[in-house]
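Please read the points below alongside the coordinates. They concern two chain interfaces and the fold of one chain.

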Amino acid sequence: MSLAQHLPALQVVIPLLAAPLTVLLRHRTLAFAVALLASWTAFAISITLWLQVDASGTISYAIGNWPPPWGIEYRVDPLSSFMLVLVSGMASVVLPYCRSSIEDEVPQQQHYLFYTMFVLCLTGLLGISITGDAFNIFVFLEISSLATYVLIALGRDRRALVASYQYLIMGTIGATFIVIGIGLLYLMTGTLNIADMGQRLAAVQGTRPVLAALAFLTVGISLKLALFPLHQWLPNAYTYAPSAVSAFLAATATKVAVYVLLRFYFSVFGQSQVFGQLPMQEAMLLLALAGMFAASATAIFQSDLKRLFAYSSVGQIGYIILGLSFDSVSGLTATILHLFNHGITKGAIFMLLGLVALVMGGTSLSRVQGLGKRMPLTSFGMVICGLSLIGVPGTAGFISKWYLLLAALEQGQWWLVFLILLSSLLAVAYVWRFVEAAYFREPRQDVDANATVPWSMGVPTALLVAATVYFGLSTGFTVGSASQAATFLMGAR
Amino acid sequence: MNTTMTLGGHFTYFVTIFLMVAGLFIVIARGNLIKKLIGLGIFQTSVYLLYIAPGKLVGGTAPILSDAFTVYSSPLPHVLILTAIVVGVATLALGLALTVRIREAYDSIEEDEILNMDAVPSRQEQA
Amino acid sequence: MFTADDAILAALLVPVLGAIGIALAHRWPNLREGITLTTAVALLACVLNILPSVLAGARPTATLFSVLPGLEIAFEVEPLGMLFALVASGLWIVNSIYSIGYMRGNNEAHQTRFFVCFALALSATMGIAFSGNLFTLFLFYEVLTLITYPLVTHHGTEKARQGGRVYLGLLMGTSVVFLLPALVFIWYLTGTTDFTAGGILADKLSPAGLMGLLALCMFGIGKAALMPFHKWLPAAMVAPTPVSALLHAVAVVKAGVFSVVKVIVYIFGLDTLGVNGTTDWLILLAGFTIVSASVVALGADNLKRRLAYSTISQLSYVVMAAALLAPLSVVGATLHIAAHALGKITLFFAAGAIYTAAHKTEVSQLDGIGRRMPWTMGAFAIGALSMIGLPPAAGFVSKWYMLSGAMASEQWLAVGVIALSTLLNAGYFLPIIYRAFFVTPAHDEHDHPHGEAPLPMVIALTATAAGTVLLFFVPDVPLALAKQMLGLGG
């Protein structure tokens, strides 16, 4: 049994082992080194898995050699491999950034614990993406969520504690709803293996427990993915968490929740059940549109940049769900594509905001005045990422928008096309609030003139900003994976 | 005859629903942070019941293989719920730890007082 | 071997390299200005390199890469694009000379940023001119909007910020809400967005669908300043005058009308549109824009504002002439891109010269200024003649073709509009010239003796005025290109 055959298991085990190691090591530089090594290894493994799946199709791995459906199965299919790359990639880019970022924001004696929680969160997210067992999803979901609550609470401001508590309450309710849904499904099918469940559900389609399970799962997952109006926890959590945490969460947490939704909808229930039995399409469409407009509009009136972009995230999640509501391959491609594109864009934005917090002492619009003079590269990076949020050609956001429009046009929904584009104009409005503050005002007097950005923070940020442009021009990987995943999911049933 | 059978047979589900709703109500209606956590705990307990109760089959015995018996109760829900209980405990511990820290920072664990205290510093934060 | 194909990419790259050079030469203004001028000359050289091939009938191409299947960043030079590129690159040299004079004469701040953005804007313009498909055009169109924003808001004042908001809001708004869905729809319908002779939409849509798609495209190309999305033009007057000259002659507005003609000829196709009066509404709308903008110009006292509304009016000449779908009028539309460019840039140069030398901005202040600034006002007169459409200015030639086309297709409304607007043009330009030369100014304590504008500015405006006259006498190259575009030969 070569190492290569155990890659699916190692994907999760390596970050998992890193966690107690960092706790035992206590020393913050060593803990950082372990965490960094673990996430880079995880990234390498995810790329290998992606290449394998691309070449030869779905990989099925039985944990402990117990054959599914009695044992837990790790199943890497086109969608999972894409998610794995996204999550581990973001962790690999954010961790080097963490080193200097948390110097400023987290007390020194807690640094090694920060890395422990980070690595645990990574484990959870990777586990969710790779497992083929429904209850296992819940377990990993809670692992990552608990780690997330701790990470958020490490923020400087005391409001981080309240934000974390609020997220804990709402997140646990969401997870419990998910577990209720899984329980009902287990009662009806007698199995927890996702693929097996999908097959057995065909016999009990349309029965009330199954529909109830669908409802519970949808609401529970919607809480986790911050679908309007269940998004209340997100603005506070993103605003008060340490910058590196906001960057990592914005890029991964809600995206993995969308993955869970897709997994349940398509691999367990099947498209016909979800969209045929319940008015899922209309409900998702309405909520997505509401989120897009309400959240983007709220973003325009925020005075703190982190909060502004947090609301922007809620709006962008609206786009993601909108793609899902089309019930077509293009729509699903748009959804999966935007998971990735928005992930890197928002990750880059929060990392840039971390740089701003470091040098300017805060991220409110009044502190950011004159940023164009004081930190020209950072401002430029923010403009590029802002353009990606708007969907200007040449950026990653444009590609997702293209597919979203295509999906709407395929169904002849011109009114929806215009709504999508009008909401992009809202994005112009809130991005331009930053531009005007940064370029049209003079820097404040009380800003530390000597603070500079360390390399360890600047390089990962620049990398993500470059990625935002790169994936807007070279779309082979993203569009290829997304459409492959979409076709795979829609073809399942 | 039938109604009693149904009521009796579904007794556990009624309890489940009652606990579920009671727990959720406490979380939403109570402003004290610890009471919210208690409500959360009650809500999670209802889920344990939801899983375990159906596991006991009528006429089923404990899941230990023996030639004398043909119907066994399912052990899988117990395994799942043990996991869920552990998760619940961890969540409760984390929630209580956060409550302690919030008490230190705000000198209160009432939600409305905390929100009031937070509303004012937002102007300071802009400075 | 440096072929015409290579020259396309070179034309895009040269201004970018120049921009980097300008940024690096930040501390040495003379070197920096020298780099601008050298880059402009190099760009013209690249463009001229392509000209012979296109005149001979070839279509140089260059493909960069594929963004999505069927969507490439690709370039193909055809006559219309060749003309636009010639006008843009030629005028950049003159505009740079003028800018140097203006920026130094007015002691403007942030000059490096100004020249860098200028160079990048030219690169985007080349991208638009040489685009081989609608997607590439859309990409560079958006880049142009974004890169001209810092130029429009150059002064950084509250007024500049407000002007910038209107500018960006309207241009981005129209392109995102109208042009983008049209682009996606065209790709969805035909699988391609390539510019093809005869268009790519033949038999793909019902007449109503064609009209709707045309409306989306026309309103989506906000840079053509078709009403009601024209407000960005007067709002952009808050910029320094060299920027206004760039916007109104070289890059932005010409990109707008160029895109309009290109879409009508190469995406829709003259024949496809010719059925069922699909463009009738556009003729009406453009005609309305021509007349109402001229009326506003009549009442505008601020010189730049008057010129802005004159531009809105003149742009709709091109749109209306293209919408007439008659070969002669489309030739006129193409010619007008060049003629208006030369004439308007002269007018803006003159306006900036007046501001720099005499600090005057209103028409009512211009009495007798012709005596003090004969070169400037002489050039202004020639530019005005071109706008009105009188010989010996280039505007006469393009107007002639447009009128001929309108009469040939018996579109009497269009003929009427052209005639009426000619009178209106005379109404708001001739008095300025008359009063500048033949009326003695009322004595004004605030008036201080001033002479002509700084030499670079005078050189520039004399050059463009001369060009306007030259184009009247020797319209060969633009005419040849225009005719070739329509396959009219010769």
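The numbered points begin with conventions and then take up the structure itself.

1. This is a predicted model, in which local features need pLDDT of at least 70 and side-chain atom pairs count only at pLDDT 80 or more, while totals for chains, interfaces and linings use all residues. Residues are numbered from 1 along each chain as its sequence is written, chains are lettered from A and ligands numbered from 1 in the order in which they are written, and side-chain values use heavy atoms, with hydrogens and water left out.

2. Chain C consists, in secondary structure, of 20 helices and two strands (DSSP runs, H or I of at least four residues for helices and E of at least two for strands, numbered from the N terminus). Its radius of gyration is 21 Å, close to the 23 Å that the globule rule gives for 490 residues, so chain C is as compact as a globular protein of that length (taken over C-alpha atoms, the rule being 2.2 Å times the number of residues to the power 0.38). The C-alpha trace of chain C spans about 70 × 55 × 45 Å along its principal axes, and 64% of the 490 residues count as buried (under 20% relative accessible area, 1.4 Å probe, protein chains only).

3. Between chain A and chain C, 29 residues of the former are in contact with 30 of the latter (heavy atoms within 4.5 Å). The two chains bury about 2800 Å² between them, with 82% of that area on carbon and sulfur atoms (accessible area, 1.4 Å probe, lost on being put together and summed over both parts). On the side of chain A, the residues that lose the most area to chain C are A:Trp402, A:Glu436 and A:Phe440, which together account for 25% of what that side buries.

4. Which side chains meet in a salt bridge at 2.7 Å, N to O? They are those of A:Glu436 and C:Arg161, and the rule finds two salt bridges across this interface of chain A and chain C (a side-chain nitrogen of Lys or Arg within 4 Å of a carboxyl oxygen of Asp or Glu). Helices H17 (396-410), H18 (414-440) and H19 (455-473) of chain A each give two or more residues to the side that touches chain C, and H18(A) provides the largest share, twelve residues.

5. The contact between chain B and chain A takes 40 residues from chain B and 35 from chain A. About 3200 Å² is buried there, 75% of it from carbon and sulfur atoms, and the rule finds zero salt bridges across this interface of chain B and chain A.

Key
Buried < 20%, exposed > 50% of the residue type's maximum accessible area, 1.4 Å probe, protein only.
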